[in-house]
Amino acid sequence: MLVVALIAFACQPSDDENGEPTRSEAGMDATPSPSVPSEDPSADESPEPTAGASEGAEESASPSPGDGASEGAGGGEGGAGEVAAPERAEDLCRPEDVVVTFELEGDQEVYGSGSAPGFRITVVNTAEQTCTVDVGGAALEVRIHSGDDRIYSTADCLKDGGAEERQLSRGVPHEFTVDWERNRSFADCRETTSSAQAGWYRANLHGDYAGDQPQLAFQLRS
């Protein structure tokens, strides 16, 4: 009988085997270890783009320097620089080989009644090859404004395009003066004429060979 009782006691299940967790097991279930995220990672990460995604958005919003749109925006300035290198005197000079200066004749800024402003333009070819530059009123246009009012332009109503080609040797300046008779000009060639009033004016030089020239301010007096 004693042997049977011992065998029966040995076969009785313990508290652990009955499925009731220990304190340590209950604690682990309630508080995950630091190596386990407290929530589903996908819920936190999905609303925020990764670093690669945000960089891609910035690149698409701001085109790179090689994009066609950015190149097209600067195309108007680059067109003049596409002239081929001259091989003969009759060939056009490249704009990058031509130096132009634009100044008031005699450095005079105030013109009394009966005196007219003059603008001195000097053109120099810096290339080895003799080449041709158009120095006419359309290619090197003097434009005069008073405020927002366009008063005069050497490009208005020129016959046959107004071309005046000059062959320039290296380092030999071609200098000429554009005189303004204090009159208005019009692009539509109307017959109406009028004289400029007393006041301050500004002159600018435009054209493929003009480069970045200073604005010349001067005053007319009656």
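**View 1. Strands E9 and E10 lie side by side in this predicted model.** The pairing of E9 with E10 is antiparallel and runs over 5 bridges. To find one of the matched positions, look for Trp200, whose bridge partner in E10 is Gln219. How much of E10 is buried? Of the 5 residues in E10, 4 are buried, so the strand is largely enclosed by the rest of the structure. E10 also has a partnership with strand E2 (residues 110–111), this time in the parallel sense and over 2 bridges. Here Tyr111 is the residue to look for, with Leu220 as its bridge partner in E10.

**View 2. Stepping back from E10 brings a sheet of 5 strands into the picture.** The sheet is open, and its strands follow the order E2-E10-E9-E5-E6. Pairing within the sheet is mixed: E2 and E10 are parallel, whereas E9 and E10 are antiparallel. Which strands form the edges? They are E2 and E6, each of which pairs on one side only. A general point may help when following side chains here: along a regular strand, they alternate between the two faces of the sheet.

**View 3. E5 and E6 meet at one end of the sheet order, with Ile144 as a handy landmark.** These two strands run antiparallel and are joined by 4 bridges. Ile144 stands opposite Tyr152 in E6. Which residues does Ile144 contact once its neighbours within four places in sequence are set aside? Around E6, the contacts include Asp149, Arg150, Ile151 and Tyr152. Further contacts of Ile144 are Phe119, Trp180, Tyr201, Arg202, Ala203 and Phe218.

**View 4. Ile144 also belongs to the largest nonpolar core, a set of 30 residues.** Which residues have the most contacts inside this core? They are Phe119, Ile121, Val123, Leu140, Ile144, Trp180 and Phe218. Many strands take part: E1 (98–104), E3 (118–125), E4 (131–134), E5 (141–146), E6 (149–153), E8 (174–179), E9 (199–206) and E10 (216–220) each give two or more residues. The largest share comes from E1, with 4 residues. Two of the most connected core residues, Phe119 and Trp180, are also on the contact list of Ile144.

**View 5. Cys93 and Cys131 form a buried disulfide.** The two sulfur atoms are 1.9 Å apart. With 100° about the S-S bond, this link is right-handed. Cys93 sits in the loop between helix H6 (75–78) and E1, while Cys131 is in strand E4, so look for two distant parts of the chain, 38 residues apart. Are these cysteines buried or exposed? Cys93 has a relative accessible area of 0% and Cys131 has 1%, so both fall under the 20% limit for buried residues.

**View 6. A disulfide between Cys157 and Cys189 joins two loops.** The S to S distance here is 1.9 Å. The link is left-handed, with -125° about the S-S bond. Cys157 lies in the loop between E6 and strand E7 (165–168), and Cys189 in the loop between E8 and E9, so the pair ties together parts that are 32 residues apart in sequence. Both cysteines count as partly exposed: Cys157 at 38% relative accessibility and Cys189 at 44%. The count for the model is 2 disulfides, and with the bonded cysteines numbered in sequence order, the pairing is 1-2, 3-4.

**View 7. Ser185 makes a polar contact with Asp156.** Ser185 is found in the loop between E8 and E9. Its side chain comes to 2.6 Å from the side chain of Asp156 in this polar contact. Is Ser185 buried or exposed? At 12% relative accessibility, Ser185 counts as buried. Leaving out residues up to four places away in sequence, Ser185 touches Arg150, Ile151, Tyr152, Ser153 and Asp156.

**View 8. The whole chain gives the setting for these close-ups, with 6 helices and 10 strands.** Of its 222 residues, 26% are buried. Among contacts between residues at least 6 apart in sequence, 66% join residues at least 24 apart. The accessible surface comes to about 15,000 Å², and carbon and sulfur atoms account for 49% of that surface.

Technical notes:
Residues are numbered from 1 along each chain as its sequence is written. This is a predicted model: local features need pLDDT of at least 70, side-chain atom pairs count only at pLDDT 80 or more; totals for chains, interfaces and linings use all residues. Side-chain values use heavy atoms; hydrogens and water are left out. A nonpolar core is a set of buried Ala, Val, Leu, Ile, Met, Phe, Trp, Tyr and Cys residues joined through side-chain atoms within 4.5 Å. Buried means under 20% relative accessible area, exposed over 50%, partly exposed in between (1.4 Å probe, protein chains only). Contact means heavy atoms within 4.5 Å. A disulfide is a pair of cysteine sulfur atoms within 2.5 Å. Two strands pair if DSSP finds at least two bridges between them. A polar contact is a pair of N or O atoms within 3.5 Å; within protein, one must be able to donate a hydrogen and the other to accept it, and residues adjacent in sequence count only if both atoms are side-chain atoms. Accessible areas come from the Shrake-Rupley method with a 1.4 Å probe; for residues, only the protein chains shown count as cover.
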